[in-house]
Amino acid sequence: MKKLAVVAFGGNALLQAGQKGTIDDQEKNAYEASEHLLNLLKADYDVVITHGNGPQVGNILLSDQAGSQVYGLPIMPLDVCVAYSQGFIGYIIEQQLRNVLAANDLDTDIITIITQVLVNKDDPAFGVPTKPIGPYYSKEEADKLNKETGAIYQEDKKRGGWRKVVASPKPLVISNKKSIEQLARSGQIVIAVGGGGIPAFYVAPNKLQGIDAVIDKDLASALLAKQIGADKLFILTDVPKVCLNFNTPKETTIDRMTIADARKYLKEGQFTEGSMAPKIRAAVDFVENTGKDAIITKTTLLGVDDGGTRITMV
């Protein structure tokens, strides 16, 4: 049986800092990211791709608000905006990955699955918004937007700038996980759990309903990887390796760390919430529950020997 990998692309795999987010930008970025997936395919992995949507879903919300103000269009709830992002990001990744495969004389089906993820409506996260979405703003811009819309903004001190934050409940159950696994293990590339999944809860027995939130993509990816029996979890970000004392004169990279090391660094506050901290927690969760390794790295190092930071049980 081939090995199965879950590969979690960050939202910046399609929309990078400083870019306007045109379709040309996002298609180019998706093509380049897809090229690096070849390393895993050539290493005989079946692959499930997940992806972030932080920049994109923030932009969808801004467009929605503008449409309401100018044309009186109804504003869609956040769960619907997540569904929007799953559709268009999945389409871009699927198309550009197909182009990469064709350029390398490879032929396989690529399937995007719009994925709901069950959450608890009483999750305490709804009272403490922490998940950053959308663009970065200056302190003055964030204060102005807060007064105008009531939205909450938090500073990312290590990366610079302020971003809107929303509730990020814990993912509990991935919808269609059996189908995702069956498709992937039959050799098809599956794109699922986009943006962490569309958050939903049971408003009554046997009656699902969306809820205003964004689920952390890395935590949902780790949950999916556990539930489909993945052999490895790759969490892709914009740095080659996890760093201690990030963006300071004492910055050092980590080649390998145990889950005990990871917990120690989290407790020390080494990793920023809304950035590296959720990735570390997701990796720890996967490794602790499966005994298999997780790797955090840059897209360009995907599948490269000694690329990234490896998180292990011991």
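Trainee: Why are helix 6 and helix 8 called roughly parallel or roughly antiparallel here?

Mentor: Helix 6 (residues 217-227) and helix 8 (residues 276-290) pack at an angle of about 15 degrees, with axes 8 Å apart. Angles under 35 degrees count as roughly parallel, over 145 as roughly antiparallel, 65 to 115 as roughly perpendicular and the rest as oblique, so helix 6 is roughly parallel to helix 8. This is a predicted model, where local features need pLDDT of at least 70 and side-chain atom pairs count only at pLDDT 80 or more, while totals for chains, interfaces and linings use all residues. Residues are numbered from 1 along each chain as its sequence is written, and side-chain values use heavy atoms, leaving out hydrogens and water.

Trainee: Which residues of helix 6 and helix 8 make the contact?

Mentor: Contact means heavy atoms within 4.5 Å. Among the residues making it are L219 and A222 of helix 6, and R281 and F286 of helix 8. The contact residues divide into 6 nonpolar, 2 polar and 6 charged.

Trainee: Nice! Now, what makes strand 16 largely enclosed?

Mentor: Buried means under 20% relative accessible area (exposed is over 50%, partly exposed in between, with a 1.4 Å probe and protein chains only). In strand 16 (residues 294-298), 4 of the 5 residues are buried, so the rest of the structure largely encloses this strand.

Trainee: How do you know that strand 12 pairs with strand 16?

Mentor: Two strands pair if DSSP finds at least two bridges between them. Strand 12 (residues 232-237) and strand 16 run parallel and are joined by 5 bridges, so they pair. Here, L236 stands opposite T297 in strand 16.

Methods. Helices (H or I, at least four residues) and strands (E, at least two) are DSSP runs, numbered from the N terminus. Axes are lines fitted to C-alpha atoms, for helices over the stretch in contact, and angles run from 0 to 180 degrees between N-to-C directions. Ala, Val, Leu, Ile, Met, Phe, Trp, Tyr, Cys and Pro count as nonpolar, Asp, Glu, Lys and Arg as charged, and the others, Gly among them, as polar.
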